[in-house]
Amino acid sequence: DSMGYPLPCRVRYFDPEQRRAGIPPDVAALVETMTADEITLNLVNINPVAARTVVVQGGGYAEHQIIRVTNEEKTVPVDSTTFTVQLDPGCGCRLRVTMKRYANQPTSVFPWDR
């Protein structure tokens with residue numbers, strides 16, 4: 001069966017260095033909690049020497065608009081379908097992502113081609 005199926009998800013990850021969908025090498029992601037308009041996301045770079053960059057998209061097809069991202073220290077307004085996280089070697093972060101779900105026309109175009 002060559003029929004495709006939709007990907008219902010709250011976030012989708014992209015590897016900007018390799019220009020592909022998916023979590024970059026050495027990066028782990030965990031969705032800790034979800035509510036109607038927020039998720040708590042943990043991202044960790046397990047590589048002890050190389051930094052990693054991950055693009056986080058709202059929904060499988062950029063259908064969710066990301067309003068803001070909060071970590072332990074500050075809140076950053078986003079107002080976009082994606083945001084980028086830089087992870088230093090051996091470091092991680094816990095992010096609370098606030099989004100407006102189903103606010104955008106779905107697209108399968110990768111973030112850097114929009």
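The following questions and answers introduce a predicted model.

Me: In what order do the 5 strands of the open sheet stand?
Reply: The sheet is open and its pairing is antiparallel. Neighbouring strands in it are turned against each other by 25 degrees on average, direction ignored. Read across the sheet, the order is β3-β4-β9-β6-β7.

Me: Which strands stand at the edges of this sheet?
Reply: A strand with a single partner has one side left without a neighbour in the sheet. This applies to two strands, residues 27-34 and residues 75-80, so the edges are formed by β3 and β7.

Me: How many bridges join β3 to strand β4?
Reply: Strand β4 covers residues 38-45, and β3 runs antiparallel to it. Within this pair, L30 of the chain stands opposite N42 in β4. The number of bridges joining the two strands is 7.

Me: Which strand gives the most residues to the largest nonpolar core?
Reply: The core holds 17 residues, and those touching the most other members are Y13, L43, V56, F83, V85, L95 and V97. At least two core residues are supplied by each of β1 (11-15), β4, β5 (52-58), β6 (65-70), β8 (82-87) and β9 (92-100). The strand that gives the most, with 4 residues, is β9.

Me: Which residues does L43 touch, leaving aside those up to four places away in sequence?
Reply: L43 is one of the core residues that touch the most other members. Its contacts beyond four places in sequence include Y13, V56, V85 and L95. The full set is Y13, A28, A29, V54, V56, V85, L87, C91, G92, C93 and L95.

Me: Which element provides the largest share of the lining of the largest pocket?
Reply: The largest pocket has a volume of about 310 Å³. Its lining consists of 16 residues, with V69, N71, T84, V85 and L95 nearest the centre. Two or more lining residues come from each of β7, β8 and β9. The largest share, 5 residues, comes from β8.

Me: Is A21 buried, partly exposed or exposed?
Reply: A21 is found in strand β2, residues 20-21. Buried means under 20% relative accessible area and exposed means over 50%. The relative accessibility of A21 is 28%, so A21 counts as partly exposed.

Me: How far apart in space are A21 and P111, C-alpha to C-alpha?
Reply: Leaving out residues up to four places away in sequence, A21 touches R12, Y13, F14 and F110. A21 and P111 are 90 residues apart in sequence. In space, their C-alpha to C-alpha distance is 9.6 Å.

Key: Residues are numbered from 1 along each chain as its sequence is written. This is a predicted model: local features need pLDDT of at least 70, side-chain atom pairs count only at pLDDT 80 or more; totals for chains, interfaces and linings use all residues. Side-chain values use heavy atoms; hydrogens and water are left out. Buried means under 20% relative accessible area, exposed over 50%, partly exposed in between (1.4 Å probe, protein chains only). Contact means heavy atoms within 4.5 Å. Two strands pair if DSSP finds at least two bridges between them. Axes are lines fitted to C-alpha atoms, for helices over the stretch in contact, and angles run from 0 to 180 degrees between N-to-C directions. A nonpolar core is a set of buried Ala, Val, Leu, Ile, Met, Phe, Trp, Tyr and Cys residues joined through side-chain atoms within 4.5 Å. On a 1 Å grid over the protein atoms alone, a cavity is a set of points where a 1.4 Å probe fits but cannot get out, and a pocket is an open set with protein on both sides within 12 Å along at least five of seven lines; lining residues have an atom within 4 Å of a point. Grid points are joined across faces, edges and corners, and a volume is the space filled by probe spheres set on the points.
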